[in-house]
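Reader: I would like to learn how to read the features of a folded chain one at a time. Could we take a worked example and go from the whole to the details?

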Amino acid sequence: MSLVSITTSVDEAVSGFFEPIATWLGEVVFYAVPVAGTDLPLIVAWLVVAGLVFTSWFGLVQVRKFKLAIDVVRGKYDEKGSAGEVNHFQALTAAVSGTVGLGNIAGVAVAVSIGGPGATFWMILCGLLGMATKFVEVTLGVKYREVHADGTVSGGPMHYLPKGLAERFGKNGKTLGKVLAVLASAMVLFFGLFGGNLFQVNQSYAQLVSVTGGEDGAVGSSAGALFFGILVAALVGIVLLGGIRSIANVTSRLVPAMAGIYIAACLAVILVNVTAVPDAVGTIIEGAFNPEGVAGGVLGALIIGFKRAAFSNEAGLGSAPIAHSAVKTKHPASEGLVALLEPFIDTVVICTMTALTIVIANPASWAAAREDASISGVTITSDAFETVLPWFPYVLTVAVLLFALSTVLTWGYYGLKAWTYLFGRSRASELVYKVVYTVFAVAGSLLTLQTLIDLADAVLFTLAVINIIGLYLLAPVVKRELNSFLEFVRARNAGELSEDDDQESVKTTV
């Protein structure tokens with residue numbers, strides 16, 4: 001039996017196994033009710049309400065404290081002797097590397113294909129609301145993190161749900177927290193394997209195939225897909241061995257560089273077609289409130305926009321607090337403010353740039369995808385760049401590969417923390433996880449895009465349900481932490497404190 005036939009059999013077997021699971025889980029998670037002539041998934045309403053509630057509860061914190069968040073990232077309020085593994089900037093880039101990636105490039109193309117240009121407007125709104133949600137969950141992540149005896153840190157919903165709820169509600173809260181923590185860990189682990197790993201590998205491989213001659217090209221065969229998956233798996237396995245510090249060192253250099261190149265390319269397409277910008281913006285706004293050819297009209301465009309934005313920025317999932325918890329700080333809300341920059345960078349800036357580029361360039365592949373409601377993903381974005389920069393698909397391929405690698409690495413770390421919460425922190429346990437994760441990276445190049453999106457979406461939104469319940473219950477804790485940090489900032493700015501004066505203790509747990 002040839003290698004091609006073997007890999008083809010593996011492809012069919014893997015897809016055949018996961019497709020019915022994705023279909024069933026999607027039907028459960030995205031249960032919808034009829035509203036204004038279309039079906040509204042209740043999970044989407046759940047996310048919208050959470051963003052609105054936290055935006056109101058914290059008085060537009062994403063607007064009022066935006067400048068302060070930037071100052072914290074710059075290190076203006078750093079304190080000597082703070083427990084943690086990485087600085088504010090490294091924690092931000094490590095977390096952003098888990099969100100800025102194929103969701104911004106392929107996910108946006110999917111959104112504007114199915115939901116029309118108007119989906120862009122709703123993605124932006126989702127990003128703005130998600131800034132408040134992200135602030136809440138990351139503050140809790142740092143507040144209830146565990147700093148181990150070896151200096152490493154563990155954080156995330158699996159820690160702040162049981163500790164926070166026990167602190168607020170006693171025995172009953174502790175029981176509820178433990179149940180939610182186990183469920184959250186399972187969802188983080190599951191999404192890490194599928195959305196943070198498989199989806200990234202799949203779409204980066206799709207882009208590589210598109211610029212190397214398609215299915216008849218050098219890597220278009222099943223053997224090429226398998227080889228690509230093995231190569232990515234090897235790179236991921238090597239870096240994962242170094243932990244969060246190794247990942248942060250890579251992402252703090254990789255993410256800003258790749259984001260800069262990508263945004264510059266978007267600007268190139270936009271500037272060459274600058275006269276078309278007003279019409280493109282008008283099309284997006286008009287499409288948001290009067291979309292044509294979109295099932296469900298306005299509500300349909302809103303639903304698609306929010307689904308894709310949530311998949312991209314991950315606000316409310318509890319994933320980002322895992323990376324942010326490793327920050328060196330004594331004030332949890334300081335990192336919460338840093339984290340609210342994530343959805344802004346990811347969704348408001350980069351997703352919008354991608355959508356504008358596609359709408360302005362209007363490539364033939366986008367029109368075809370809208371006509372038959374197919375999912376082409378990253379190739380639409382690539383074609384949009386090619387209308388102005390014929391050589392850019394090759395640069396985009398490099399960017400896609402690096403974005404995908406950084407995302408896979410970060411989600412590898414997230415999944416590791418969920419795994420060790422469920423199965424313990426022993427060396428053997430961690431090794432088993434890393435082997436499993438790298439094997440899933442190989443499978444990513446063999447699965448179909450539709451299966452990946454359906455399955456990852458379902459897991460993503462299941463995790464959001466679990467996490468946001470805890471965020472609501474612990475919001476008063478976040479309010480106290482924010483007030484504490486703002487008082488520290490006031491005192492520091494007034495010259496009443498130096499870097500060495502604030503000695504708030506950080507609990508250390510073995």
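Author: What follows is a short dialogue on this structure, which is a predicted model.

Reader: Where should I begin, and how many helices and strands are there in the chain?

Author: Begin with the whole chain, which has 20 helices and 4 strands, and in which buried residues make up 59% of the 510 residues. The accessible surface comes to about 19000 Å², and 65% of that area belongs to carbon and sulfur atoms. Turning to contacts with a separation of 6 or more, residues 24 or more positions apart account for 83% of them.

Reader: Which residues have the most contacts inside the largest nonpolar core?

Author: A nonpolar core is read as a set of buried residues of certain kinds, joined through side-chain atoms. Here the largest one has 157 residues, and those with the most contacts inside it are Phe135, Leu140, Leu337, Tyr414 and Phe485. Helix α20, residues 449-493, supplies the largest share of this core, namely 19 residues. To look at one of these residues in detail, take Phe135: once its neighbours within four places in sequence are left aside, its contacts are Phe58, Val61, Ala333, Gly336, Leu337, Leu340, Val478 and Leu482.

Reader: How do α7 and α15 lie relative to each other, parallel or antiparallel?

Author: One reads the angle between the axes together with their distance. Helix α7 (residues 119-143) and helix α15 (residues 341-361) pack at an angle of about 170°, with their axes 8 Å apart; because angles over 145 degrees count as roughly antiparallel, that is how α7 and α15 are described. The residues that make the contact include Met123, Gly127, Met131 and Lys134 on the α7 side, and Phe344, Thr347, Val348 and Ala355 on the α15 side.

Reader: How many disulfides does a search of the whole structure find, and why is there no bond between Cys126 and Cys351?

Author: A disulfide is a covalent bond between the sulfur atoms of two cysteines. The search of the whole structure finds 0 disulfides. For Cys126, the closest cysteine sulfur is that of Cys351, and because the two sulfurs are 9.5 Å apart, they are too far for a bond. Cys126 is buried, with a relative accessible area of 10%, and Cys351 is also buried, at 2%.

Reader: As a last case, is Ser429 buried or exposed, and which residues does Ser429 touch?

Author: Ser429, found in helix α19 (residues 427-444), has a relative accessible area of 9% and is therefore buried. Not counting residues up to four places away in sequence, Ser429 touches Trp419, Phe423 and Gly424.

Notes:
Residues are numbered from 1 along each chain as its sequence is written. This is a predicted model: local features need pLDDT of at least 70, side-chain atom pairs count only at pLDDT 80 or more; totals for chains, interfaces and linings use all residues. Side-chain values use heavy atoms; hydrogens and water are left out. A nonpolar core is a set of buried Ala, Val, Leu, Ile, Met, Phe, Trp, Tyr and Cys residues joined through side-chain atoms within 4.5 Å. Buried means under 20% relative accessible area, exposed over 50%, partly exposed in between (1.4 Å probe, protein chains only). Helices (H or I, at least four residues) and strands (E, at least two) are DSSP runs, numbered from the N terminus. Contact means heavy atoms within 4.5 Å. Accessible areas come from the Shrake-Rupley method with a 1.4 Å probe; for residues, only the protein chains shown count as cover. A disulfide is a pair of cysteine sulfur atoms within 2.5 Å. Axes are lines fitted to C-alpha atoms, for helices over the stretch in contact, and angles run from 0 to 180 degrees between N-to-C directions. Angles under 35 degrees count as roughly parallel, over 145 as roughly antiparallel, 65 to 115 as roughly perpendicular and the rest as oblique.
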